[in-house]
Amino acid sequence: MSLSSGLLLRDFRLVDETMDMLGSVWIEGGIIRDVFPQGAPLPEIRLPMHRTIQGGGSLALMPALVDLHAHFRDPGYPEKETLESASLAAVAGGYGTVVCMANTKPVMDSPAKARALKKRADALGLVDLYPVLALTQGMEGKALSDIPLLKGPLHETEPWLRMLSEDGKDVVSDEILYRALQEARRLGIPVSCHCDAGGPEAEEAKAAGKPREFWSRIEENHATQRVIELARQAQGHVHIAHVSTREAVDLIRKVKGAQQESGHAVFTLTAEASPHHLCLTEETAHALGAATWGRVNPPLRTEADRRALIEAVLDGTIDAIATDHAPHTERDKLQGAPGFTGLETGFALCRMELVRQDRLSLSRLSSLMSASPARILGLTDRGRVAPTFRGDLMVVDTEALWRVNPGRFRSRGKNSPCSGLTCRGRVLMTIYQGRVVFESFLNPDPEKETG
Ligand code: NCD
Ligand code: ZN
Ligand code: ZN
């Protein structure tokens with residue numbers, strides 16, 4: 001990008017985790033140069049190439065979102081999604097940074113494969129992509145992937161590597177998971193753990209023919225406890241993916257509480273929840289078909305679980321909101337493939353469900369969807385609307401009502417659990433490194449969109 005181009009965003013409600021105020025922002029060279037409170041004189045802009053975007057009304061300017069968990073399906077499953085379609089979906093959803101999972105074909109189990117994907121993403125120039133590396137070769141759970149070959153410090157050797165994960169599966173062997181956690185600790189990055197398998201009680205319940213809702217809860221609770229114990233022993237950083245049960249929430253809260261009380265933590269524990277687990281319940285799953293369109297791992301749970309997740313978001317037990325964007329074809333969904341497409345609805349769903357009755361402020365939501373996940377990745381240059389931070393921002397209309405129509409998604413995955421739902425809050429523009437990469441100002445009424 002040319003250094004002489006700039007962007008002036010005037011008279012917006014500026015919201016990040018530290019502020020909620022009226023003002024204007026000047027971006028140049030891909031970086032936020034200045035933030036002006038309302039009423040302060042704006043600079044005279046002498047750049048030949050600059051654009052002014054006018055705020056007002058219910059428009060807010062916020063940091064672009066950071067997603068700790070998405071499945072881009074590239075390489076290997078172009079019928080579900082590609083790097084290109086997923087990146088377009090990400091920017092339409094307000095994302096500037098995305099971690100993508102390793103269950104591709106082939107599996108992302110070597111730095112060379114991940115580097116190739118990162119390179120393609122950089123050439124596209126839509127989002128900052130951070131591919132994870134799988135913990136084991138081919139995600140078969142038998143032998144560690146190439147992680148032991150990596151040399152630190154990673155910010156010098158492989159700056160794109162910020163997280164390890166076998167998401168989609170649990171690593172069954174304690175020994176292998178323990179070694180992976182130790183490797184991650186050596187490299188200074190977290191291991192994101194999927195947590196949905198194991199435990200004698202769950203096996204018993206399965207054998208007794210109990211429904212999936214019943215035993216999958218026991219499995220999640222057991223698996224969460226297990227990875228926390230292994231992380232404690234390995235003294236590493238474990239990040240719990242898609243937390244969904246109230247018991248798992250209680251456990252995470254207890255462990256974090258004990259760490260705080262003791263004043264020193266031998267290991268780091270962070271956790272994410274997905275927009276669908278925060279906003280929907282098993283009722284939606286049943287209405288959609290629990291074995292088909294409503295199927296997701298972990299399953300949508302009860303209203304009591306959902307309330308526990310919201311409490312956990314409010315009190316900081318849950319550190320971040322991550323989409324677990326999992327696009328599938330209609331055929332795969334009808335055959336029971338678990339997962340929901342989520343990049344294009346995550347913000348609106350959370351804005352609508354969580355930011356109301358003043359329980360969660362827009363500023364807290366920004367923290368959960370931008371600054372906090374950025375911290376988990378060790379990315380200190382984004383997630384704020386402040387000078388020197390990256391020019392990764394989004395413009396949202398906080399009050400806009402719109403109906404979710406998966407037919408209009410950029411994602412190839414149309415498997416949305418909120419199809420037909422009317423949401424409040426809409427991403428209208430996404431700015432990536434100072435460039436407008438998504439814009440729907442011209443089509444304020446999405447029902448009339450043609451794209
Ligand atoms: C994910 C997928 O389809 O890759 N599915 C899902 O139901 N969440 C895998 C995963 O996140 O565990
Ligand atoms: Zn998972
Ligand atoms: Zn996932």
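## Cysteines

The structure holds zero disulfides, and this statement, like the others in this report, concerns a predicted model. A disulfide is a covalent bond between the sulfur atoms of two cysteines. For C193, which takes part in no disulfide, the nearest cysteine sulfur belongs to C195 and is 5.4 Å away. Seen from the other side, C195 is likewise in no disulfide, and the cysteine sulfur nearest to C195 is that of C193, at 5.4 Å. A disulfide requires two cysteine sulfur atoms within 2.5 Å.

Are these two cysteines buried or exposed? C193 counts as buried because its relative accessibility is 6%, and C195 is also buried, with a relative accessible area of 2%.

## The surroundings of ligand 1

Ligand 1 occupies a space that is the largest pocket of the structure. There are 15 residues around ligand 1, and those that come nearest are R73, D167, H194, N297 and D324. Sorted by character, the shell around ligand 1 consists of nine polar, three nonpolar and three charged residues.

## Polar contacts and burial

Which side chains place a polar atom by an oxygen atom of ligand 1? In the case of R73, an N or O atom of the side chain is 2.7 Å from an oxygen atom of the ligand, while H194 has a polar side-chain atom 2.8 Å from an oxygen atom of ligand 1. H328 also contributes a polar side-chain atom, which lies 3.1 Å from an oxygen atom of ligand 1.

Taken alone, ligand 1 exposes 310 Å², and the protein buries 95% of that area.

Technical notes. Residues are numbered from 1 along each chain as its sequence is written. Chains are lettered from A and ligands numbered from 1 in the order in which they are written. This is a predicted model: local features need pLDDT of at least 70, side-chain atom pairs count only at pLDDT 80 or more; totals for chains, interfaces and linings use all residues. Side-chain values use heavy atoms; hydrogens and water are left out. A residue is near a molecule or strand if one of its heavy atoms lies within 4 Å of it. A polar contact is a pair of N or O atoms within 3.5 Å; within protein, one must be able to donate a hydrogen and the other to accept it, and residues adjacent in sequence count only if both atoms are side-chain atoms. Accessible areas come from the Shrake-Rupley method with a 1.4 Å probe; for residues, only the protein chains shown count as cover. On a 1 Å grid over the protein atoms alone, a cavity is a set of points where a 1.4 Å probe fits but cannot get out, and a pocket is an open set with protein on both sides within 12 Å along at least five of seven lines; lining residues have an atom within 4 Å of a point. A molecule sits in a cavity or pocket if more than half of its atoms lie within 2 Å of its grid points. Ala, Val, Leu, Ile, Met, Phe, Trp, Tyr, Cys and Pro count as nonpolar, Asp, Glu, Lys and Arg as charged, and the others, Gly among them, as polar. Buried means under 20% relative accessible area, exposed over 50%, partly exposed in between (1.4 Å probe, protein chains only).
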